[in-house]
Amino acid sequence: MTAIPTDRIRDSDLIGESRTDPEAFAALFDRYSGMLYRYVSRRLGPEVAEDLVGETFLVAFARRDRYDGAYPDARPWLFGIVTKLVARHRRTESARYRALLRSPADDVVDSPADRVAAGVTARSTRPALARALAGLASRDRDVLLLIAWGDLSYEEVARALDIPVGTVRSRLNRARKKVRAALGDTNPMHEEE
């Protein structure tokens with residue numbers, strides 16, 4: 001009999017299997033640790049990202065018996081856990097945004113992920129963007145960054161934060177308005193013609 005490669009097994013099935021074979025949970029780590037690392041690194045910096053990602057998987061492993069198998073994709077669940085862990089580091093996040101305000105716009109970028117993000121983002125708006133993110137209410141910032149940096153859908157953010165989709169929409173709308181206003185009502189992703 002041929003074994004199914006773990007990359008083709010649904011997350012919910014891996015979690016279910018891990019209840020009797022704990023090593024099956026490692027496939028979730030392989031799938032999502034990089035994604036979670038990039039998300040946390042952008043929010044809090046690489047110095048704490050690795051620890052928080054590890055802690056995320058420890059919490060998820062401990063709670064795997066409570067995972068709702070009706071959801072085949074565990075990404076929103078994992079992002080919900082990591083977002084709660086990030087909340088414990090709000091001062092670190094705020095300090096990071098203040099440091100970004102003070103840093104020159106043309107810093108050398110270390111990681112490939114940062115190079116891609118830096119290439120896409122208008123670097124001249126970084127101080128204003130950092131100020132805008134620091135000025136958002138944490139619940140609005142969480143929604144905005146889960147969508148922008150976590151690449152989650154509205155429904156996935158709702159699952160991650162355990163809030164209604166309508167609340168996701170209103171928080172995202174409020175956050176976008178504040179960020180847009182902080183950037184002078186322009187979108188740095190679109191060049192002026």
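These questions and answers go through the fold, the salt bridges and the backbone of a predicted model.

Me: How many helices and how many strands does the secondary structure of the chain come to?
Reply: Read along the sequence, the pattern is α-α-α-α-α-α-α-α-α-α. No β element appears in it. The count comes to 10 helices and 0 strands.

Me: What share of the residues of the chain count as buried?
Reply: The chain has 193 residues. Buried means under 20% relative accessible area. By that cut-off, the buried share is 38%.

Me: Among contacts between residues at least 6 apart in sequence, what percentage join residues at least 24 apart?
Reply: Contact means heavy atoms within 4.5 Å. The pairs considered are at least 6 residues apart in sequence. Those joining residues at least 24 apart make up 63%.

Me: What percentage of the accessible surface of the chain belongs to carbon and sulfur atoms?
Reply: The accessible surface comes to about 11200 Å². The share of carbon and sulfur atoms is 51%.

Me: Which residue forms a salt bridge with Asp 65?
Reply: A search of the whole structure finds 8 salt bridges. In one of them, Asp 65 has its closest N and O atoms 3.4 Å from those of its partner. Asp 65 sits in the loop between α3 and α4, and the partner in the loop between α1 and α2, 46 residues apart. That partner is Arg 19.

Me: Is Asp 65 buried, partly exposed or exposed?
Reply: Over 50% relative accessible area counts as exposed. Its salt-bridge partner Arg 19, at 37%, is partly exposed. Asp 65 has a value of 56%, so Asp 65 is exposed.

Me: Which residues are joined with Arg 75 into one network?
Reply: Arg 75 in helix α4 pairs with a residue in helix α9, 81 residues apart. The closest N and O atoms of that salt bridge, between Arg 75 and Glu 156, are 2.9 Å apart. Arg 75 is buried at 13%, and Glu 156 is buried at 14%. Salt bridges that share partners join Arg 75 with Asp 73 and Glu 156.

Me: Which residue forms a salt bridge with Asp 140?
Reply: Asp 140 lies in helix α8 and its partner in helix α10, so the pair ties together parts 34 residues apart in sequence. Asp 140 is buried at 1%. The partner is partly exposed at 32%. With closest N and O atoms 2.8 Å apart, the partner is Arg 174.

Me: Why does Arg 171 have no salt bridge, and how far away is the nearest side chain of opposite charge?
Reply: Arg 171 is in helix α10. Its contacts beyond four places in sequence are Arg 139, Asp 140, Val 143 and Ile 163. A salt bridge needs a side-chain nitrogen of Lys or Arg within 4 Å of a carboxyl oxygen, so a longer separation does not count. Arg 171 is buried, and the nearest side chain of opposite charge, Asp 140, is at 4.5 Å.

Me: What is the phi of Asp 151?
Reply: Most residues other than glycine have a negative phi. Asp 151 is in the loop between α8 and α9. Asp 151 is exposed at 59%. Although not a glycine, Asp 151 has a positive phi of about 60 degrees.

Me: Where does Asp 162 lie?
Reply: Asp 162 also is not a glycine, yet has a positive phi of about 55 degrees. At 69% relative accessibility, Asp 162 is exposed. Its place is the loop between α9 and α10.

Conventions. Residues numbered from 1 in each chain as written. Predicted model: local features only at pLDDT ≥ 70, side-chain atom pairs only at ≥ 80, totals over all residues. Heavy atoms only, no water. Helix = DSSP H or I, 4+ residues; strand = E, 2+ residues; numbered from the N terminus. Buried < 20%, exposed > 50% of the residue type's maximum accessible area, 1.4 Å probe, protein only. Lys, Arg positive; Asp, Glu negative; His and termini not counted. Areas by Shrake-Rupley, 256 points an atom, 1.4 Å probe, with all protein chains shown as cover.
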